Amino acid sequence: MCGIIAGVGEVNLIPTGLEMLKNLEYRGYDSAGIAYFEKGEIFAQKCIGGVDKLKECCAFNIDSNVMIGHTRWATHGKVCLQNAQPIIQNNIALVHNGIFENYKEFAYEFEQNDLTVSDTFCWTKYLVKKLEELAFISEESVLQQFKQLLDNSRGSWAICFLYKYLPNCIFFAKKDSPMVLGLGDRCIWIGSDEYALSQVCRKVYHLENSQYGWVSSKNLRVYDKFGRECDIFWSKICNDLKESKTQNDCIMESEIEEGIDSAIQTLENFDFSYVSKFLKNISPKTKLYISGCGTAHNAGKIAKFWLNKHFPFVEVEYASEFLVNQQNIDSNCICIFVSQSGETADTLKCVNLAKERQAKTLGIVNMENSSIANLVDILILGKSQKEYAVAATKSYMAQLAALYALSSCVDIEKSHLRKVDRLKELLLSLKNITIERIDDVVELIKDRQSIYYLGRGMDYLVALEGALKLKEVSYIHVEAMPAGELKHGSIALIDSDFVSIVLSTQNATKEKMKTCISEIKCRGGKVVVFSPFVDVGQMGDIWVKLIECEDELAPFVLSYPLQRLAYLTAKRKGFNPDKPRNLAKSVTVE
Ligand code: M6R
């Protein structure tokens, strides 16, 4: 997490730099700041909150051709001005994305147990010390000290810093956190992603792990971990990124509406022969692992259901757990990694691990040119374009579509085109549907502390995502549960105040769901039913009527109303669904 922007050139970069920083706010908005040179001195402006607030702090004439900026998502150290970045110490201004895991080795004794101080704050002190040791100051001598300190550091970083005695220069380094160089008009930019650079740069260079260097308006030097100078191969910026985002009041709402199109686009773009070739030599005995975090993991859970028809051995693991339970990963496995951003640290680490173990890797990624997209053996693009709201909505729809198309590729009856055509037909029909009674559900749940989402089979898997969505934007505690588990303990919470949202789209489980509703109703509990079936729907206090489709396609029908429920509940409670508290869009720390 955390977003970094830095630029050096021949013109005033502050206004553009602030705009670029705004584009990185999805990475965190606990605090924001910039540092810049003016008349040979380093100055900084910082604030608690997001970039709009920072812009207010900068609403006076700042004119500088060298700047670094940061938007923070706190991992270590409280949200306060001291920890807001750039960290300013002595003659240095520094921004960092990542974690210095051994930062305590750098901390003063009185800071050892002080959880309020950030890792970056402590680490910067050591950089200050290292630079104080220098007898002779030049770009290369400063860089050597910086590199030595990095060699003794553990963790992940994308760092940029300014040093007072070299006022036309930015030093940088990257390890396990994304960092991209961009060629602008009479300036060079550094950013946490290509998107942040897309409005002002023609070409980009994605720094590789352990590269470091310095840049001035006239020079750019990049070195590898052995200290060898690297050639830089600039590539054209990805065109999709230049499109401006939907200008709606609420981005989450627009993105929910774009979900169906994202799924359709993904299917249109899916290269069946390319994927089939990759899957050709897989036997049903091959072990398949699917991994990702949050919403991406939830999409993977649904894919297991589809893939299990052909592969008896499919495991779905949270990426963070995959790293713990990785004993069985070997060259006989296919590992499928799902990620919207393609930068999530846990998932990225799993890809590296799978590759080390010589497993085949396949990525379902929504961001082209992201770290995961660049690393996997085979890439399937989720065509949702850039997603801005923190809550993943349209990217989930695209991931589901990609995973469904993937599972249809291994269909032994070779009926994949028929299956995918049927899905497209369903998606098109969903475009014109109005779902009624969601507002009534909002009124029923908005003041609850806690609710259940219940379903069986596929419905339970969709419930997991519905629950995550509602939780993260409306701050209601939601537990998704297989409906059959209710009577094994959780039913104790049911009383006349308790609301359960029951999902029932599967013909195979509908009778069981009726029993579940009865069990809740006879204890006075309130029930909302999302279902196409009249006999199930009528049992609920509120029935959100869905269209009927094949059981295996039901997640596509269910997801939209659940996303909308989350969005409307957040709005009704007066929260900003685009930026839920404590969250960031891209989680680039483990
Ligand atoms: O970018 P990724 O798909 O790898 O992100 C994984 C999760 O952090 C993400 O899906 C998160 O759960 C959603 N933003 C929640 O809506």
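How far does a polar side-chain atom of threonine 344 lie from an oxygen atom of the ligand? In the structure examined here, which is a predicted model, that separation is 2.4 Å. Taken alone, the ligand exposes 410 Å², of which the protein buries 91%. Two further contacts with ligand oxygen atoms can be described: a polar side-chain atom of serine 339 lies 2.6 Å from an oxygen atom of the ligand, and a backbone N or O atom of glutamine 340 likewise lies 2.6 Å from an oxygen atom of the ligand. The contact of glutamine 340 thus involves its backbone, whereas those of serine 339 and threonine 344 involve side-chain atoms.

The ligand is surrounded by 15 residues, the closest of which are Ser339, Gln340, Ser341, Thr344 and Glu472. In composition, this shell divides into seven nonpolar, six polar and two charged residues. With respect to the domain assignment, at least three residues of the shell are drawn from domain 2 (239–432), and at least three from domain 3 (434–575). Among the secondary-structure elements, helix 9 (294–307) and helix 16 (458–474) each supply at least two residues of the shell around the ligand.

An open sheet is formed by five strands, arranged in the order 16-15-17-18-19, and its pairing is parallel. At its edges are strand 16 (314–318) and strand 19 (378–381), each of which pairs on one side only. From one strand to the next, the twist averages 20 degrees. Within this sheet, strand 17 (residues 333–339) and strand 18 (residues 360–365) run parallel and are joined by six bridges; isoleucine 336 stands opposite leucine 362 in strand 18. Strand 17, spanning residues 333–339, includes at its final position serine 339, whose side chain provides one of the ligand contacts described above.

Two features of the backbone geometry were also identified in loops. Most residues other than glycine have a negative phi, and most peptide bonds are trans. Against that background, the peptide bond from glutamine 85 to proline 86 is cis, with omega near 5 degrees, and proline 86 lies in the loop between strand 4 (66–72) and strand 5 (87–89). Asparagine 90, for its part, has a phi near 45 degrees, a positive value in a residue other than glycine, and is placed in the loop between strand 5 and strand 6 (92–100).

How values were computed: Residues are numbered from 1 along each chain as its sequence is written. This is a predicted model: local features need pLDDT of at least 70, side-chain atom pairs count only at pLDDT 80 or more; totals for chains, interfaces and linings use all residues. Side-chain values use heavy atoms; hydrogens and water are left out. A residue is near a molecule or strand if one of its heavy atoms lies within 4 Å of it. A polar contact is a pair of N or O atoms within 3.5 Å; within protein, one must be able to donate a hydrogen and the other to accept it, and residues adjacent in sequence count only if both atoms are side-chain atoms. Accessible areas come from the Shrake-Rupley method with a 1.4 Å probe; for residues, only the protein chains shown count as cover. Helices (H or I, at least four residues) and strands (E, at least two) are DSSP runs, numbered from the N terminus. Ala, Val, Leu, Ile, Met, Phe, Trp, Tyr, Cys and Pro count as nonpolar, Asp, Glu, Lys and Arg as charged, and the others, Gly among them, as polar. Domain bounds come from an automatic or database domain assignment. Two strands pair if DSSP finds at least two bridges between them. Axes are lines fitted to C-alpha atoms, for helices over the stretch in contact, and angles run from 0 to 180 degrees between N-to-C directions.
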